[in-house]
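Hello,

Here is the structure I said I would pass on. Please look it over before reading my notes underneath.

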Amino acid sequence: MNAFASLTKKELRMGMPVFLVPVIIFIVAVGAAAYFGGRSGVAAEAITGVSVAAVTMQIFYLIYYLNFSLKAEKKKLHLWLHNPLPGYSMLLAKLGAGLISMLATLLITGVTLIISAQSAGFITHLQNDFNLTNIGFFSGLHVVLIAIDLSIYFVFFYMIYLLFNRYFGGFISFCSTFVLFGVSTYLWGKFSETAIHRSLTSWGEIELNGFVFNRNFDTNGIEFFTEFDTVHVFLGSYLFETIIVLILFFAASWMLDRKVEV
């Protein structure tokens, strides 16, 4: 455990520039939005737009973080692979460090979004029709889940790239991996349209309440609000995707341990 904690700390130190760059870009973008939006009297609205874009882009944050981290390791691959920890621990340390950085960035962009939306009056208008607390929690949770999901796919194909790179040049390895990714995506898309896929994912329907308020009027004409169901999710789709990413993660770890070894 101490070795894993030390490795995670090393990953956090190595990833500090990766953490700082998007934060600085976001601060600059917010400043530009405040300046140019302020000239038209819509500074808060402009900052809200920038913040919404920044929060949405968080789904790609872990790919961005891991791309930098794995490229840095590739330059001294023999040193990284000489780590006594198994491959899954080495990859988990990178994912953990990336997730910590992502949550910190998400906190910065999310708080900015809430403050700017409040200043612009958006929240005052929206909270009459939407339960923003539930929507914010649901959206934030899925931003994190989608980011983790995409990052596992990225790590899997990056290990394939490193495997190809043992036998071919960098350009051929990149092209081969890209073609394999494209073919896999196409075949997966076809599979997702089949009845088998639907039977595996379309079960365990859960109705999530409390996202939208329904306006009603009583006999005296007084407006009141009630909550009604607007979101339906399937437990099967979550479980199926979890199994897929676990398989890909351990396949990537196996390739790192057995095939990428130099």
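The notes below go from the whole chain to the packing around one helix, and end with a single glycine.

Please keep in mind that this is a predicted model.

Overall content

The protein has 262 residues, and 34% of them count as buried. Its secondary structure comes to 11 helices and 4 strands. If you take the contacts between residues at least 6 apart in sequence, 77% of them join residues at least 24 apart.

An unreviewed UniProt entry places the feature "transmembrane region" at residues 12-36, 42-66, 87-115, 135-160, 167-188 and 233-256. I looked at two of these spans in the model. Residues 135-160 are 100% helix and 0% strand, and the C-alpha atoms at the two ends are 38 Å apart. Residues 42-66 come to 80% helix and 0% strand, with 37 Å between the end C-alpha atoms.

Packing around helix 2

Two packed helices are described by the angle between their axes and the distance between the axes. Helix 2 is taken here with three partners in turn.

Helix 3 is one partner. Helix 2 covers residues 16-39 and helix 3 covers residues 43-56; their axes are 7 Å apart and the packing angle is about 150°. An angle over 145 degrees counts as roughly antiparallel, so helix 2 and helix 3 are placed in that class. Their crossing is right-handed. From helix 2 the contact takes in F26, A29, V30, A33, A34, G37 and G38, and from helix 3 it takes in A43, A46, I47, V50, S51 and A54. Sorted by class, this contact of helix 2 with helix 3 holds 10 nonpolar residues, 3 polar ones and no charged ones.

Helix 4, residues 61-74, also packs on helix 2, at an angle of about 135° and with the axes 9 Å apart. That angle makes helix 2 and helix 4 oblique to each other. Here too the crossing is right-handed. On the helix 2 side the residues are P17, V18, F19, V21 and P22, and they meet Y61, Y64, Y65 and F68 of helix 4. The contact of helix 2 with helix 4 divides into 9 nonpolar residues, no polar and no charged.

Helix 6, residues 87-120, has an axis that comes within 10 Å of the helix 2 axis, and the two cross at roughly 10°. Angles under 35 degrees count as roughly parallel, and helix 2 and helix 6 are therefore described that way. F19, V23, F26 and V30 of helix 2 make this contact with S101, A104, T105, I108, T109 and T112 of helix 6. By class, the contact of helix 2 with helix 6 has 6 nonpolar, 4 polar and no charged residues.

Some helix 2 residues recur in these lists. F26 and V30 appear in the contact with helix 3 and in the contact with helix 6. F19 appears in the contact with helix 4 and in the one with helix 6.

G87

Is G87 buried or exposed? This glycine lies in helix 6. Its relative accessible area is 0%, and buried means under 20%, so G87 is buried.

Which residues is G87 in contact with, leaving aside its neighbours within four places in sequence? They are S253, L256 and D257. G87 and F249 are 162 residues apart in sequence, yet their C-alpha atoms are 10.0 Å apart in space.

Regards

Notes:
Residues are numbered from 1 along each chain as its sequence is written. This is a predicted model: local features need pLDDT of at least 70, side-chain atom pairs count only at pLDDT 80 or more; totals for chains, interfaces and linings use all residues. Side-chain values use heavy atoms; hydrogens and water are left out. UniProt positions are given in the numbering used here, feature names are shortened, and annotations may be inferred rather than shown by experiment. Axes are lines fitted to C-alpha atoms, for helices over the stretch in contact, and angles run from 0 to 180 degrees between N-to-C directions. Angles under 35 degrees count as roughly parallel, over 145 as roughly antiparallel, 65 to 115 as roughly perpendicular and the rest as oblique. A crossing is left-handed if the near helix is turned anticlockwise from the far one by less than a right angle, and right-handed if clockwise. Contact means heavy atoms within 4.5 Å. Ala, Val, Leu, Ile, Met, Phe, Trp, Tyr, Cys and Pro count as nonpolar, Asp, Glu, Lys and Arg as charged, and the others, Gly among them, as polar. Buried means under 20% relative accessible area, exposed over 50%, partly exposed in between (1.4 Å probe, protein chains only).
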